[in-house]
Amino acid sequence: MRKILLTLPMLTLSLFSIAQQKTDPAIDQKVKALLAKMTLEEKVGQMAQITLDVVTNGKDRFSSYEPVSLNEQQLQHALVKYKVGSILNTANNRARSVEVWHQLINKIQETGKGRLNIPVLYGIDAVHGTTYTAGATMFPQQIGQAATRNRALVYKGAEITAYETRASGIPWNFSPVLDVAPDPRFPRQWETFGEDPYLIKELGLQMVKGMEGNNIADPYKVASCLKHFLGYQVASSGKDRTPAYIPDHVLRDMHLPPFKAAIEAGAHSIMINSGIINGVPVHANYNLLTKLLRNELGFKGLIVTDWGDIENLYTRDRVAKDHKEAIMLAINAGIDMSMIAYDYERFCDNLIALVKEGKVKQTRIDDAVTHILTLKYQLGLFEKAIYDSKQYPKFGSKEFEQVAYQSAAESITLLKNTNDLLPLKKGTKLLVTGPNANSMRTLNGGWTYSWQGEKVEEFAGKYNTILEALSNKAGKENITFVDGVSYKMDGKYYEEFDKGTEEAVKAAQNVDAIVLCLGENSYTESPGNLSDLYMSDLQTQLALKLAATGKPIILVLNEGRPRLISKFEPKMAGILQTYLPGNFGGDALADILFGDVNPSGKLPYNYPKFPNSLVGYNHKPSENRTVMEGVYNYDAEYNPQYEFGFGLSYTSFKYDNIKISAEKIKATQEITVSVEVTNTGNREGKEVVEIYLSDLYASLTPDSRRLRGFEKINLKPGEKQTVTFKLSKADYAFTNLEGRSVIEPGEFKVKIGPLSKSFFVE
Ligand code: BGC
């Protein structure tokens, strides 16, 4: 065993952790006074959250008639009789206009305030723009925003989303997603910032700050909700809401840092992972919710369940023998609010009974309700539950759209550009084909105007698909369009049919190049589960047949996760990953293809080549042994198609002169590393400079490298800039098997671009 140099207290004892959420003694007083007046029924009602369909006119609780309207009787039953304190979601899974939102929420607030004037807390998933408001600005999904590596753009996107969400009368946003998502099989990877904890932490902070500002009572800010605490996207099966097995030290090193940083930055609420870790559903895990989140991290905000997850403890995971026991387990584990979403009577009645039977302590209820009321006060809802929509003149404005365009443009990642085929010359005759060529739905993905994204075409007609944007850019006379393959719009997201592969092949004869738009249709959560990571057979066939024509192909990927393209990748001349770029993805892509924008996106994950080789960039040394002793090829070959951090430009950058401030340091000392970057091409361009750190030898087999810093810089041709990074003790540390953050002496290596330097921690 190696000697431990330093044990860092930050993740070990509650005594040392300081949560940054500001407490306001005036609010504490008000909450205390209000709590003292409340009955048990009123308190339990505050802990209940229902979905909007429950209180609208419709044939049952699960749907609503159009046009949507509130049902007076249901409202009275839920908000007055049962005193439900929170509502989420839209009705009928459909976006609403700002005006309709105001009608609905005004009425809800009027009915719901009750004898104590407590406002209802409305929450929504505005995850890449204000999902459920018609006319709102749609940004790239988080995975694309991660590819921009541009903190300022992520901040601005969140700021605009807060503005437009509050413009819709909604003060609470279930965003950002801080899941570490190294598994391309998982159906929600696109909702995240990708596979690296540092990248997620940095961009997550920007989102929280952009959404919350300094004061969430501001009429242009919302409360963020970090999700899904913790370790959600590493299920062994790769399928949504199935078991994960995560050792404590991995949980702390990989999954905790983004949440910890966002909590320290003052995030006001958190949503719990729907899954199961080491056999225990997270919603019933006292160690994670109370010991780790509340006591150790010092989180003071509101803890909400994910959708129906208390019910799941009984009906799905069978750790409770009935609904009542499930409620007991979750509330005692530390849940404050249950996203029920339908059967609120059962939740309230059972929880009241549990308190009366002494199985849930009154103090736990008071604690939960304190968090809920505090958030309502912090949001200023007691003074003004909803602002006039006229206060939001910038809603859906050109100014906001410009930021969404910029974000899309900086996200698109150029992965291949054989013989500088790109940018295309004006007048190039193009065949545009593939199921993603003419679809706003695929550009946006899930959580866009509807849960699965299936209603996008209804709302996004005025924006340009890839085909439309290319026709605008290059002139209709230069564009031929054939679908080739198409998605079935009313079936499962992965259902496709041949819509003219042969016709596309024929059309290819008369053009100079082919823009082949492949990928996935929109999906999210369990409906997006997948059993075969390869690009679909029909799309693969389309690619291979087009390649046989000999015409150069520019493959445009538009997908929520990296579907494997190794069967035809060598035959593609150019490749661009657009991820899910939002409503301006088509325009941004056209500008990149014709050289008006120089691409600068970088992969936020490893793009795998084979289904049995899904390791991350930070893999262990044993996962990268290409040749074993002797003559055998070792089977643990590290072979991504494209690596995390990869992305080409139309210009070239040279890295020189890496400098390190010391070659020997003490574990407590900072180290400064600098490098010079020069634009050696003849176009202006943006480069993402990333620094990686490797601990070469450690008592737990070390990661091959970990990202420890990045900066995006802009350089004119010939321009040079020095980029400096500071590393400190937290960067040299890892978590040991006792759950302590430790630094061990020995050799470390920093790497920036192709350059590296070693230093020793003594
Ligand atoms: C998802 C969450 C979402 C919630 C509310 C759940 O199914 O897992 O990410 O915030 O629904 O819509």
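Here is a walk through this predicted model, one selection at a time.

**Stop 1: the domains**

Start by colouring the chain in three pieces: domain 1 is 38–391, domain 2 is 412–593 and domain 3 is 651–761. If you put a centroid on the C-alpha atoms of domain 2 and another on those of domain 3, you'll find the two centres 36 Å apart.

**Stop 2: the ligand**

Next, select the ligand and expand to its surroundings. You should pick up 13 residues, with Asp-125, Arg-188, His-228, Asp-306 and Glu-525 the closest. Sorted by class, that shell holds six nonpolar residues, six charged ones and one polar one.

Now show the side chains of the three acidic residues and look for short distances to ligand oxygens. Asp-125 has a side-chain N or O atom 2.5 Å from a ligand oxygen. For Asp-306, the distance from a side-chain N or O atom to an oxygen of the ligand is 2.6 Å. Glu-525 places a polar side-chain atom 2.7 Å from a ligand oxygen. How much of the ligand's own accessible area does the protein cover? On its own the ligand has 310 Å², and the protein covers 95% of that.

**Stop 3: backbone oddities**

Time for some torsions. Most peptide bonds are trans, and most residues other than glycine have a negative phi. Here are some exceptions to click on.

- Select 175–176: the bond from Ser-175 to Pro-176 is cis, with omega near 5°. Pro-176 sits in the loop that runs between strand E5 (172–173) and helix H7 (197–212).
- Move to 422–423: Leu-422 to Pro-423 is another cis bond, omega near -5°. Pro-423 belongs to the loop between strand E12 (413–417) and strand E13 (430–433).
- Stay in that loop for Asp-420, which also lies between E12 and E13. Asp-420 isn't a glycine, yet its phi is positive, near 50°.

**Stop 4: a three-stranded sheet**

Jump to domain 3, which spans 651–761. Select E20, E22 and E25: in that order they make an open, antiparallel sheet. Which strands are at the edges? E20 (653–660) and E25 (720–727), each of which pairs on one side only. Neighbouring strands here are turned by 20° against each other on average, ignoring direction.

Zoom in on E20 and E22 (671–679), which are linked by six antiparallel bridges. For a landmark, label Lys-654 and its bridge partner in E22, Thr-678.

**Stop 5: a five-stranded sheet**

Now select the other sheet, open and mixed in its pairing, with the strand order E21-E29-E28-E23-E24. Its edges are E21 (664–665) and E24 (706–715), each pairing on one side only.

Walk across from the E24 side. E24 and E23 (685–695) are antiparallel over nine bridges, and Leu-693 faces Arg-706 of E24. On to E28 (746–752), which pairs with E23 through five antiparallel bridges; label Tyr-692 and, opposite, Lys-751 in E28. Then comes E29 (755–761), joined to E28 by seven bridges and again antiparallel.

Finish at the turn between E28 and E29. What do these two strands form together? A hairpin, with two residues between the strands. Select Gly-753 in the turn to see a positive phi of about 55°. Right beside the turn you can label Ile-752 and its bridge partner in E29, Leu-755.

Technical notes. Residues are numbered from 1 along each chain as its sequence is written. This is a predicted model: local features need pLDDT of at least 70, side-chain atom pairs count only at pLDDT 80 or more; totals for chains, interfaces and linings use all residues. Side-chain values use heavy atoms; hydrogens and water are left out. Two strands pair if DSSP finds at least two bridges between them. Helices (H or I, at least four residues) and strands (E, at least two) are DSSP runs, numbered from the N terminus. Axes are lines fitted to C-alpha atoms, for helices over the stretch in contact, and angles run from 0 to 180 degrees between N-to-C directions. A residue is near a molecule or strand if one of its heavy atoms lies within 4 Å of it. A polar contact is a pair of N or O atoms within 3.5 Å; within protein, one must be able to donate a hydrogen and the other to accept it, and residues adjacent in sequence count only if both atoms are side-chain atoms. Accessible areas come from the Shrake-Rupley method with a 1.4 Å probe; for residues, only the protein chains shown count as cover. Ala, Val, Leu, Ile, Met, Phe, Trp, Tyr, Cys and Pro count as nonpolar, Asp, Glu, Lys and Arg as charged, and the others, Gly among them, as polar. Domain bounds come from an automatic or database domain assignment.
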